[in-house]
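I opened this entry to record what I looked up about the ligand site and about one pair of packed helices.

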Amino acid sequence: MNLRAVKGMNDVLPDEIGRWHRLENAFRTQVELYRYEEVRPPLVEATALFARQIGEVSDIVEKEMYSFTHHGEDLTLRPEGTAGVARAYVEHHIHNKEPLSRWYYLGPMFRSERPQKGRYRQFYQAGCEVFGDPGPAVDAEMIDMLVRLMTQLGIADITAHVNTLGGAGTRARYRDVLVAYLTPRAAELSEDSQRRLATNPLRILDSKDPRDAAIVAEAPSVLDVLEADDRAHFDGLCRYLNELGTPHVVDSRLVRGFDYYTRTLFELRSASGELGSQNALGGGGRYDRMVAELGGPDVPGIGFALGLERILLAMPQTQPPARKSVYLAPLGEAATAEALRIARSLRRYGIVADVDGRQTSLKSMLRRANGVSATYCIVVGETEMKQGTVQVKDLAGHNQEDLSRTDVARILADRIRSSRPPGGA
Ligand code: AMP
């Protein structure tokens, strides 16, 4: 039997995990400085949650969800994070406990898309949600935070595209204007867009089909039909972004794959060649109606999600220095017991230690010690056991010395710790 991973679902192997940890740690450290707190909703939710919030006629709900029926319940592997987080916010009556909540999450999402570089069927997102702040200051701060994070990760060529969809009034107006513009041109549109003209015309702006591009380029702009309060909100956002010096472009064609957005919408794009057409590293927007639609109070919300695989593709390929470690090479059973004890002491000092319990030759143990880039190798042999000492080989310096077996852990731990670069491993 030749069992392989499911198409579009990737293994992350240990040799890649260092970069993942670096990204995840940078994300957590950054967002916690803004008082975001972690929330961990389940990976499986009622299908109705996504169908209603993302929109029945969105690509995701129409054809990309992993949905199944289990004991009569219609369930779906989450295709995105916001709907589940908002459901948890409502279910636990968080608005009664605090007027403002800032939450973040990190984990896998599932969409049955055509796999290609930067597009997978299981992929990881890290995202933030703010409940209880109508903006626009928080909107600007969120976009600015993301640009800072990308810069910190070494992704320089980043642009934030920003737009607004306004509230229900603006949206209805824009829909009418757009339909009036597109209807006489319907025959030139792609089949998908022709269908969307009746169901979800705004999504036509996001079409990747070349037949739609020229028509979309000339389409009327949402910014020309904004109601007064939506206009004031968007002007406020742009003013704060300018004050903060956040690099951004106003992009009135920007629409995103979910129907729940109101007002502010944004996407972070990288010019990095690695990504090709999958150049959106993340995006988000405001969803002021979602909490109320889920049966909660009238609490506004805004959030974003970053695609971690894509950020890793855009991040420079630097490897962090390996952690200093000690390898224990015992010869014989009594020596192995001693090696296990010494290793335990080293770990109490916070030092990584490997015990080679294979009862193999010194040569092959030393080969492995070099293979894991150990700093020191402690050889515990019969003669040393009798003398109460161990032999310590400095693998980089190629010298060796005998140390007392009761002191060796403390001495090596001191040496390793004093040789660490500031903030290093
Ligand atoms: P979305 O949840 O659609 O707003 O997407 C937010 C970000 O998640 C995108 O900008 C991508 O970086 C990432 N993303 C979305 N779909 C995929 C996918 N199928 N594979 C990998 N990354 C994805």
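In this predicted model, I first asked which strands line the ligand, and I found that strand 6 (122-131), strand 10 (280-286) and strand 11 (301-307) each supply at least two residues of the shell around it. Strand 10 gives the most to that shell, with 3 residues.

I then listed the shell itself: 15 residues surround the ligand, and R111, E113, Y120, R256 and A280 are the closest. Sorting the shell residues by type, I noted 6 nonpolar, 4 polar and 5 charged.

Next I looked up polar contacts of the ligand. A nitrogen atom of the ligand lies 2.6 Å from an N or O atom in the side chain of E113, a residue that I had already listed among the closest. With the backbone, I found an oxygen atom of the ligand 2.9 Å from a polar atom of A280, and an oxygen atom of the ligand 3.5 Å from a polar backbone atom of G307. For burial, I recorded that the protein covers 94% of the 480 Å² of accessible area that the ligand has on its own.

Turning to the helices, I noted that helix 1 (residues 14-32) packs with helix 6 (residues 137-152) at an angle of about 145 degrees, their axes being 11 Å apart, and that the crossing is right-handed. Which residues meet there? From helix 1 I listed R22, A26, F27, Q30 and V31, which meet M145, R148, L149 and Q152 of helix 6. By type, the residues of this contact divide into 5 nonpolar, 2 polar and 2 charged.

How values were computed: Residues are numbered from 1 along each chain as its sequence is written. This is a predicted model: local features need pLDDT of at least 70, side-chain atom pairs count only at pLDDT 80 or more; totals for chains, interfaces and linings use all residues. Side-chain values use heavy atoms; hydrogens and water are left out. A residue is near a molecule or strand if one of its heavy atoms lies within 4 Å of it. A polar contact is a pair of N or O atoms within 3.5 Å; within protein, one must be able to donate a hydrogen and the other to accept it, and residues adjacent in sequence count only if both atoms are side-chain atoms. Accessible areas come from the Shrake-Rupley method with a 1.4 Å probe; for residues, only the protein chains shown count as cover. Helices (H or I, at least four residues) and strands (E, at least two) are DSSP runs, numbered from the N terminus. Ala, Val, Leu, Ile, Met, Phe, Trp, Tyr, Cys and Pro count as nonpolar, Asp, Glu, Lys and Arg as charged, and the others, Gly among them, as polar. Axes are lines fitted to C-alpha atoms, for helices over the stretch in contact, and angles run from 0 to 180 degrees between N-to-C directions. A crossing is left-handed if the near helix is turned anticlockwise from the far one by less than a right angle, and right-handed if clockwise. Contact means heavy atoms within 4.5 Å.
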